[in-house]
Every structure is written in C-alpha cells, then in structure tokens.
Amino acid sequence: MQTSTLMVIVALFAISAFVLAKKRSREVATIEGGLKKLHSRPAYYGSFAAILAAVPAVILLLIWQAIEPSLVHSLVMAQIPSSTLQAHESMTLLYSQIVHIANGVLKTEDPALLAASEHYHHLQSIGLTLRWVAVLTASLVGLAAGWRMVRPKLKARHYVEKCLQIFLMFCSTLAILTTAGIVLSVLFEAIRFFQIIPVTDFLFGTQWSPQIALRADQQGASGAFGAIPLFTGTLMISFIAMCIAAPIGLMSAIYLAEYATPRVRNIVKPILEILAGIPTVVYGFFAALTAAPFIRDVAESIGLSNVSSESALAAGAVMGVMIIPFVSSLSDDVITAVPQSLRDGSLGLGATRSETIRKVVLPAALPGIVGGLLLAVSRAIGETMIVVMAAGLSANLTANPLDSVTTVTVQIVTLLVGDQEFDSPKTLAAFALGLTLFVVTLALNFVALRIVKKYREQYD
C-alpha cells in the first residue's frame, strides 16, 4: 500500500515537472524572441523534466524494494541468540514466525522471538521512512533540475527520444530474456528427466503410463514414458480442427471481404467473432454433452461398434468451430488490405470476379492468411479444456478418430496437478513434453515463415 501511494506521489511530481518546464520554456521563448529560438518544442522540455522527476525515483524505489527484504532478514537473524537458532531446524520458518509475531498474527512468550520481532518492526519503520525520504528527494531534485535546465540551446528532443529508445530497448531485451528464461527452465528440467529416462524411450515409445510404483507389489504403475500416443493424439485432434476451421474460416472471410454488402458484413462479422469470446469450458460442455453423444449415436446407427463416448472427432470438431473466428477475422482483414488497384487491373484485363480472387487477391494476401492459419494451429495445439471433457485422458495409440485420445497439453496439466515432487520422473515428464512441443512448434513456424517469405517475394 505504501509503495503504490509513493508511486502516485512520484507520478504527480512528474506531471508537475512537465507543466512547470513547459511553461518555463514558453517564458524563455518569449524573452528570446519566439518559439523559433528554442531548439525543441515546449512539450519536449516538459517531457524531459518529467523524465528527470520520475525515472531516477522509480529506479531507486525498485532497487530499494529488491535490497531491503534481504537486508532486514540478515539484520534480524543476526540478533537472534545461537541457542534459539539451534532449536529450530529451518531458518526460513523461524524468520516467517518472527514476521508473523511482529504483524500480530502469532502470539509467543519466547523472549528471544519477541525481541527479534520488535527489532524487525523497528527496521521496517526505519526502512519505510528512509524509502519515502530518498524517493521523494530524488523526485524533487529531478523536478528542480528539469526546471532549471530549460534554456534555448538545451537539446530536449534528443534527450527525450534517447530515453524512449533506451526504454524500448529495455522492453525488447526483457521480452527476449523472459523467453530465454522460460526455455532454459524447461530445458534444465527436461535434461534431468532424460538423465533418468532415455531419450529414445521417450520419443519412440508407444506406451504412456507415467505412474511410478512406490512398492514392489504395486500394480498398474509401470512407469512407461513413450510419448508417441500423446503426439498422435495432439496431431489428430489439431488436424480435425483445422479441417473444419480452415475452409470455413477462409471461405467466410472471402465472402465477407469480396461479396457481402456492407450491411451484411456489419451484421455477420460481429456475430462470427462472438465465437472467439465464448469460454473454452462452454465449448467443452457442448462437446461432452452434445457433440460426443451425437457422434456416437450416428456411428452406431451406421453399424460401427465399440464407439467411445469420448472421441477425438468430437473434440476436434468443436475445437474447429472455436477457432473459426481466428482464421476468418485475420484472413478478412488481410484480404481487405489488398490494394483495390490490383482488383481493378485484373477486372480491366477481362478476368471474372472469381478469377480475380483466386489468382490475384488470395496470392497477394497469402502471407497474412498463412499467419492466421498458424495462429489457429497454435490455438488448437494448446487447447486443454475441450480435450479433457470430450476426448478423455486415455493415451491410446490409434488412428481411429472415434476412439478416446489425449494430447500433450492435457498430460502436462495432469502431471503437474496437486502436490508433486520435482525429482520424480512423473513430474519431470511434463517438462520433457513441454520442451518437445516447443521444438515442434518452432520448427513448424520456421517452415511456415520460409513459405511466406517465398510467396511474399513473388507478389510484392
């Protein structure tokens, strides 16, 4: 609460610095003979002063927030007698108990813990006061410096643009580091898994039963980690979904962009995009209660036996309906963005409307359409709820879409649900699945980008 209040005050100082510096730049311009005498526009002087008032104070606050907890922890633990430390096995639990006592959550009669909690409370009070003084002082100093530095030759625009460039580089670097951190965290855990289970058994095994036997006489816990059934189930459901979403979404996009009247487009497109806002659990209910029983009844009516009530076909069909808006909306925007001059030139040469769409509009919009299809594929691969409710959890190696299957994402969730030990193959298998899925998706995107680049060069 104190941090948010402090940030609000710093923001008010930054706004004040902007207004005061901008006003001062106008006054200086009046004295010097007009705004043309200033190197930058008044708004840049105000922005420069606001940056000086806000950025150093925020950086100082972040550094303080990072250092203070460990510093307080060290000072508090240093005051505790050795006898009290020896009586507790975990220093983390001991420090947590001291914090709870200081906050009034716990009561104790131990004089050492009472003294430590009072010391903790005293350090917190001192830290809070110093934090406010340091941050507000830094902000006020920046405000004053920004106001005093206003002069005609100050290159305020250059400084502001440089600060924005540094901020954008920081955001880009942060995104890259976040991605690298995610990949490395998954990679390290996957390496631990492959140290226990051979890579060949994981990639080429046909049995998936991650339960590990805790006793020699325990049944049904073979510990088989063959991921082929998971990959086939993922590919089957994604393929079924794309067989429905790709043609319907693309055809609807072509109709809305090329044939529909503005009135029809304004009605149909919002209705179609409503599908993207429906929660996946609703699709899951629909798949489990309506689509799956309907598919089973139809299959039995035409003579098929042993049809599962949970099937890849039901999950893939409903998932295809769910991702139609992704394909349709993106493809419609891309097709609409094709220059009208291309259409006019084709029609002027005698091509029909359908020929113009097939041979001019679609090739020109192909990169964007492929991008929309990639987004739809990623959405299908990452879907979990519909698969759990409509396709089940059985890791069956089958090519029959009427059988129950499962996917990689469903098994990742299943393996990590509840209290798990992160040193067992069962839990580490989730990271191996995640790494494999990441590599496959990366390869898919790389191939698709190569295809897009080829056609983009052809039609640009």
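The structure holds one cavity of 30 Å³ or more, and this is a predicted model. That largest cavity has a volume of about 30 Å³. Two pockets are covered here as well: the largest pocket, at about 360 Å³, and the second largest, with about 310 Å³ of space. Let's take the spaces one by one.

**The largest cavity**

- Which residues line the largest cavity? They are Thr234, Ile237, Ser238, Met319, Ala380, Ile381, Glu383, Val387 and Thr407.
- Two helices, H8 (228-259) and H13 (353-382), each provide at least two residues of this lining.
- H8 has the largest share of the cavity lining, with three residues.
- Sorted by class, the cavity lining is made up of five nonpolar residues, three polar ones and one charged one.

**The largest pocket**

- The volume of the largest pocket is about 360 Å³, and of the 13 residues that line it, Val55, Ile59, Cys163, Ile166 and Phe167 are the closest to its centre.
- Helix H2 (42-78) and helix H6 (156-196) are the elements that give two or more residues to the lining of this pocket.
- Which element gives the most to the lining of the largest pocket? H2 does, with eight residues.
- If you are curious about chemistry, the lining of the largest pocket counts 13 nonpolar residues, with no polar and no charged ones.

**The second largest pocket**

- About 310 Å³ of space lies in the second largest pocket.
- Its lining consists of Phe231, Thr234, Leu235, Ser238, Phe239, Met242, Val377, Ile381, Thr436, Leu437, Val440 and Leu444.
- Three helices, H8, H13 and H16 (425-459), are the elements that give two or more residues to this lining.
- H8 again deserves a look, as it gives the most to the lining of the second largest pocket, with six residues.
- How does the lining of the second largest pocket divide by class, and how many residues are charged? There are nine nonpolar and three polar residues, and no charged ones.

**Residues to find in both places**

- Thr234, Ser238 and Ile381 are among the residues that line the largest cavity, and Thr234, Ser238 and Ile381 are also among those that line the second largest pocket.
- H8 and H13 each supply at least two residues to the cavity lining, and both helices give two or more to the lining of the second largest pocket.
- Glu383 is one of the residues lining the largest cavity, whose lining includes one charged residue.

How values were computed
Residues are numbered from 1 along each chain as its sequence is written. This is a predicted model: local features need pLDDT of at least 70, side-chain atom pairs count only at pLDDT 80 or more; totals for chains, interfaces and linings use all residues. Side-chain values use heavy atoms; hydrogens and water are left out. On a 1 Å grid over the protein atoms alone, a cavity is a set of points where a 1.4 Å probe fits but cannot get out, and a pocket is an open set with protein on both sides within 12 Å along at least five of seven lines; lining residues have an atom within 4 Å of a point. Grid points are joined across faces, edges and corners, and a volume is the space filled by probe spheres set on the points. Helices (H or I, at least four residues) and strands (E, at least two) are DSSP runs, numbered from the N terminus. Ala, Val, Leu, Ile, Met, Phe, Trp, Tyr, Cys and Pro count as nonpolar, Asp, Glu, Lys and Arg as charged, and the others, Gly among them, as polar.
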